[in-house]
Amino acid sequence: MPAPLLVPALVAVAFLVLPLAGLLIRAPWSGLGKALSGSDATQALVLSVWTASVSTAISLVIGTPLAWVLARTSFPGQRLLRALVTLPLVLPPVVGGVALLLAFSRVGLVGRYLDYWFGLTIPFTPLAVVMAETFVAMPFLIITVEGALRSADQGFEEAAATLGARRMTVFRRVTVPMIAPSLGAGAVLCWARALGEFGATITFAGSFPGQTETMPIAVYYALENDPNAAIALSLVLLLVSVVVLVSLRDRWLRRGPVL
Amino acid sequence: MRRFAVIAAGLAVVAMAGCSSSGSPSSSSTNTPSKSAATGTITVFAASSLMGSFTKLGQQFDAAHPGDTVKFSFGPSSGLATEITSGAPADVFASASPKNMATVVSAGDASNPQDFAKNIAEIAVPPSNPGHVASVTDLAKSSVKVALCQPQVPCGKVAAEVFKNAGITVKPVTLQPDVKSTLSQVELGNVDAGVVYVTDVLAAGAKVKGIVIPASDNASTLYPIAAISKGNNLSIAQQFVAYVLSPAGQQVLTAAGFEKP
């Protein structure tokens with residue numbers, strides 16, 4: 001291996017691995033249980049897991065059809081639409097939070113009518129957390145599924161259609177099973193991104209234990225208060241991430257590349 | 001595949017840029033410490049309630065000390081204290097609570113803090129006062145949406161003390177990271193009320209309306225300041241501390257609504 005490639009590669013590895021090592025070394029292993037129970041950790045974890053799961057479910061239900069529209073149809077402005085839809089991927093999440101606030105806050109574009117007509121205030125509720133997470137995470141599912149749809153062999157769908165299957169039947173019985181691994185991978189990516197969401201959530205949903213204080217926000221505040229609890233909470237998130245990664249690897253290894 | 005790699009690289013760059021701009025309050029000041037006194041730049045870590053008055057003090061100090069530059073990192077005192085004890089490049093720490101200063105002093109990062117100001121709490125409501133808040137007891141109503149600071153942040157502690165004095169229990173809808181973000185929630189009209197400092201209501205001008213808390217219920221916090229001993233420009237740091245305590249400095253603080261300690 002040539003040194004000009006090997007040395008920077010090793011630097012990159014060290015850079016990526018050292019912080020994780022730091023987390024593991026500094027972890028208060030003996031007092032881990034105490035550190036976790038001493039904070040609002042369980043509440044935050046439960047909130048994070050269910051909001052991320054709901055966000056993923058919403059993304060699957062509305063994001064998969066959108067991926068199909070982007071991959072299988074063509075119409076004027078489609079490129080622009082794709083750019084708009086994937087914008088949250090590159091947009092700083094805080095900006096997404098500000099945008100959500102301007103649309104859905106009590107004095108926002110849409111929010112004022114929700115408040116006026118239904119007395120519904122979205123910010124500071126778990127619903128706001130779900131919305132922030134969906135906004136940031138759904139594009140991960142969309143691009144994963146769209147990529148799979150584009151690379152899938154359309155011959156099967158055409159065969160089904162020539163045999164008399166309606167378009168919805170083709171979608172349900174042929175397309176979805178064919179891209180199932182990518183749906184799974186996209187959902188896992190989406191879930192992981194939603195679980196880690198911080199910027200849009202704290203901006204749009206605020207922070208209150210049990211209501212809107214998700215794991216990443218709890219970690220951030222715990223660092224000011226009780227660094228050991230912050231490290232313990234971070235370990236939990238690290239563990240979840242490793243599980244996510246392993247589940248993805250498994251799919252990739254068994255079914256071949258899907259991304 | 002190559003195109004994908006290019007896109008991925010682009011995403012990585014954007015993501016890094018995003019991280020650096022949305023990081024902790026001190027991220028703008030994490031430059032390498034220079035030992036030369038010639039540059040004369042100090043970084044002051046100050047409670048976010050000091051944003052307006054310290055920015056002005058910094059400009060006056062810069063004008064009075066040609067060649068010296070004061071940079072600021074504003075944030076919650078509790079967070080700033082954590083940053084300083086973990087080695088953030090601060091030269092001066094101005095805290096909104098003696099407790100957070102004590103954290104820094106006991107870590108050996110500062111000594112001899114001096115109180116330079118006092119601040120009392122006030123309720124801020126949007127100009128139209130949608131929650132019809134007239135007194136501190138109105139904050140206990142379930143129909144009134146209240147924003148408070150996190151309990152470990154000085155403004156959160158002061159608010160808790162006010163509620164204790166008034167004998168009420170307030171269930172806020174959000175606990176904000178610092179006093180300025182609590183004020184923003186009021187300014188944006190997201191909440192009906194927020195408990196902030198007198199100085200914040202004054203600085204916000206017409207954007208919020210202040211509801212004065214009676215002295216019998218009110219609570220205050222002291223602001224200590226100290227030079228950070230491992231800072232790279234101790235003499236300028238000490239000069240800045242002296243300037244804050246000087247009549248000129250005190251005048252700026254009084255004009256902003258702070259009381260004498």
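1. Let me start in a loop of chain B: B:Asn129 sits between β4 and β5 (146–149) of chain B. What caught my eye there is the backbone, since phi of B:Asn129 is near 45 degrees, a positive value in a residue other than glycine. Is B:Asn129 buried, exposed or partly exposed? With 14 C-beta neighbours inside 10 Å, B:Asn129 counts as partly exposed. Keep in mind throughout that this is a predicted model.

2. Another asparagine in chain B deserves a look. B:Asn112 also isn't a glycine, yet its phi is positive, at about 50 degrees. You'll find B:Asn112 in the loop that runs between α4 (98–106) and β4 (114–125) of chain B. As for its surroundings, B:Asn112 has 9 other C-beta atoms within 10 Å, so it is exposed. For background, most residues other than glycine have a negative phi.

3. Now chain B as a whole. Its secondary structure comes to 9 helices and 9 strands. Of the 261 residues in chain B, 48% are buried. How much of the contact pattern in chain B joins residues at least 24 apart? Taking contacts between residues at least 6 apart in sequence, the share is 77%.

4. On confidence, chain B has a mean pLDDT of 86, with 85% of its residues at 70 or more. Where in chain B is confidence lowest, and where is it highest? The bottom is helix α1 (residues 2–21) of chain B, with a mean of 43, while strand β3 (residues 92–94) of chain B tops the chain at 97. I'd flag residues 1–38 of chain B, where the pLDDT is below 50. That stretch still has 30 contacts in the model beyond near neighbours in sequence. For the model overall, the scores are ipTM 0.73 and pTM 0.78.

5. Next, the interface. Here 17 residues of chain A are in contact with 18 residues of chain B. On the chain A side, α4 (78–90) and α12 (215–225) each supply at least two of the residues that touch chain B. The biggest contribution to that side is from α12(A), with 4 residues. By class, the chain A side has 10 nonpolar, 5 polar and 2 charged residues.

6. Over to helix packing inside chain A. The axes of helix α3 (residues 41–72) and helix α7 (residues 126–151) of chain A come within 6 Å, crossing at roughly 40 degrees. Because of that angle, α3(A) counts as oblique to α7(A). The crossing of these helices, α3(A) and α7(A), is right-handed. The contact of α3(A) with α7(A) has 19 nonpolar, 6 polar and 4 charged residues.

7. Helix α7(A) has another partner worth checking. Helix α5 (residues 93–104) of chain A and α7(A) have axes that come within 10 Å and cross at roughly 130 degrees. That angle is why α5(A) is also called oblique to α7(A). This crossing of α5(A) and α7(A) is right-handed too.

8. Which residues meet where α5(A) packs on α7(A)? From α5(A) they are A:Pro93, A:Gly96, A:Gly97 and A:Leu100, and from α7(A) they are A:Met131, A:Ala132, A:Phe135 and A:Val136. By class, that contact of α5(A) with α7(A) has 6 nonpolar and 2 polar residues, and no charged ones.

Conventions: Residues are numbered from 1 along each chain as its sequence is written. Chains are lettered from A and ligands numbered from 1 in the order in which they are written. This is a predicted model: local features need pLDDT of at least 70, side-chain atom pairs count only at pLDDT 80 or more; totals for chains, interfaces and linings use all residues. Two residues are in contact if their C-beta atoms, placed from the backbone, lie within 7 Å. Ala, Val, Leu, Ile, Met, Phe, Trp, Tyr, Cys and Pro count as nonpolar, Asp, Glu, Lys and Arg as charged, and the others, Gly among them, as polar. Axes are lines fitted to C-alpha atoms, for helices over the stretch in contact, and angles run from 0 to 180 degrees between N-to-C directions. Angles under 35 degrees count as roughly parallel, over 145 as roughly antiparallel, 65 to 115 as roughly perpendicular and the rest as oblique. A crossing is left-handed if the near helix is turned anticlockwise from the far one by less than a right angle, and right-handed if clockwise. pLDDT is the predictor's confidence in each residue, from 0 to 100. A residue is buried if 20 or more other C-beta atoms lie within 10 Å of its own, exposed if 12 or fewer, and partly exposed in between; C-beta atoms are placed from the backbone.
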